[in-house]
Amino acid sequence: MSTGIRVFGDTALLRQAPGLRSVYVDAFCAPPWAEDECRADEFVKRLVADARRPGFTAATASCDGQVVGFATAWITPAPFPTDRCHPQAGAGLGPQRTADWLCGALEVDELAVRAAARGTGLAARLLAAVTADAPGGRAWLLTSVRSTRALSFYRRQGWTQATHPSPEGRGSVVLLGPRHPARTLVPLPL
């Protein structure tokens with residue numbers, strides 16, 4: 001059983017929407033995310049518009065004809081977006097760093113792998129596939145601190161945490177990719 005990675009740069013990815021939705025449910029409807037299946041439907045609807053974004057790239061992993069993982073990304077526009085979790089990212093970095101570090105960089109939006117495929121290196125391969133052509137190595141993502149597993153994974157891949165949530169440990173954090181030039185400018189947590 002070999003798992004193949006396929007990279008997309010356009011709406012051809014949408015032909016795999018049912019498989020992507022199934023992986024989304026498997027990955028995000030379980031703890032620690034515990035999302036409702038309606039969020040998977042929202043993801044598929046959002047994907048139609050996302051696939052038309054400038055710099056859109058996605059990667060899927062299939063095994064025996066079934067999608068077992070995927071990643072999506074695109075270039076973050078300027079001015080910095082104000083939808084979804086973007087305001088939290090901007091507040092954590094401040095306006096200047098947000099503009100300098102995130103606008104024009106590759107934003108990894110989703111990374112999901114079926115539970116049965118975790119621990120196989122598949123997530124790392126998908127992440128590498130969508131970030132390979134990040135402009136100037138500038139890739140970033142936002143993730144919740146609810147998943148210590150996700151944070152540990154990104155750190156093992158060389159990603160640097162650029163923001164730090166409240167002392168209670170809630171919220172999301174911005175992570176800069178291993179080739180992002182600003183990663184050495186990130187202040188250490190107190």
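## Strand 7, inside and out

Let's start with strand 7: Ser-172, Val-174 and Leu-176 point one way from it, Val-173 and Leu-175 point the other way, and all are buried. Keep in mind that this is a predicted model. Strand 7 covers residues 172-176, and 5 of its 5 residues are buried, so the strand is mostly covered under the cut-off of 20% relative accessible area.

What does strand 7 pair with? One partner is strand 5 (residues 139-144), which pairs with strand 7 in the antiparallel sense over 5 bridges. If you want a spot to look for in the viewer, try Ser-144, which stands opposite Ser-172 in strand 7.

Strand 6, a short run at residues 160-161, is also antiparallel to strand 7, and 2 bridges join them. Here Thr-160 has Leu-176 of strand 7 as its bridge partner. Leu-176 is also one of the residues that point the way Ser-172 and Val-174 do.

## Strand 2 and its neighbours

Now for strand 2, which takes in residues 57-63. How many of its residues are buried? The count is 6 of 7, and strand 2 is mostly covered.

Strand 1 (residues 3-8) pairs with strand 2 in the antiparallel sense, with 6 bridges between them. In that pairing, Gly-4 stands opposite Ser-62. Strand 3 (residues 66-75) also runs antiparallel to strand 2, and 7 bridges join the two. Ala-61 finds its bridge partner in strand 3 at Gly-69.

Strands 2 and 3 also make a hairpin, with 2 residues between them. One to check in a backbone plot is Asp-64 in the turn, which has a positive phi of about 55 degrees.

## The cysteines

How many disulfides does the model have? The count comes to 0, using a cut-off of 2.5 Å between cysteine sulfur atoms. Take Cys-85 as a case: the nearest cysteine sulfur, that of Cys-103, is 16 Å away, and Cys-85 is in no disulfide. A disulfide is a covalent bond between the sulfur atoms of two cysteines.

Is Cys-63 buried or exposed? Cys-63 counts as buried because its relative accessibility is 12%, which is under the 20% cut-off. Cys-85 has a relative accessibility of 40%, so it counts as partly exposed. That class lies between the buried limit of 20% and the exposed limit of 50%.

Definitions and conventions. Residues numbered from 1 in each chain as written. Predicted model: local features only at pLDDT ≥ 70, side-chain atom pairs only at ≥ 80, totals over all residues. Heavy atoms only, no water. Buried < 20%, exposed > 50% of the residue type's maximum accessible area, 1.4 Å probe, protein only. Helix = DSSP H or I, 4+ residues; strand = E, 2+ residues; numbered from the N terminus. Pairing = 2+ DSSP bridges.
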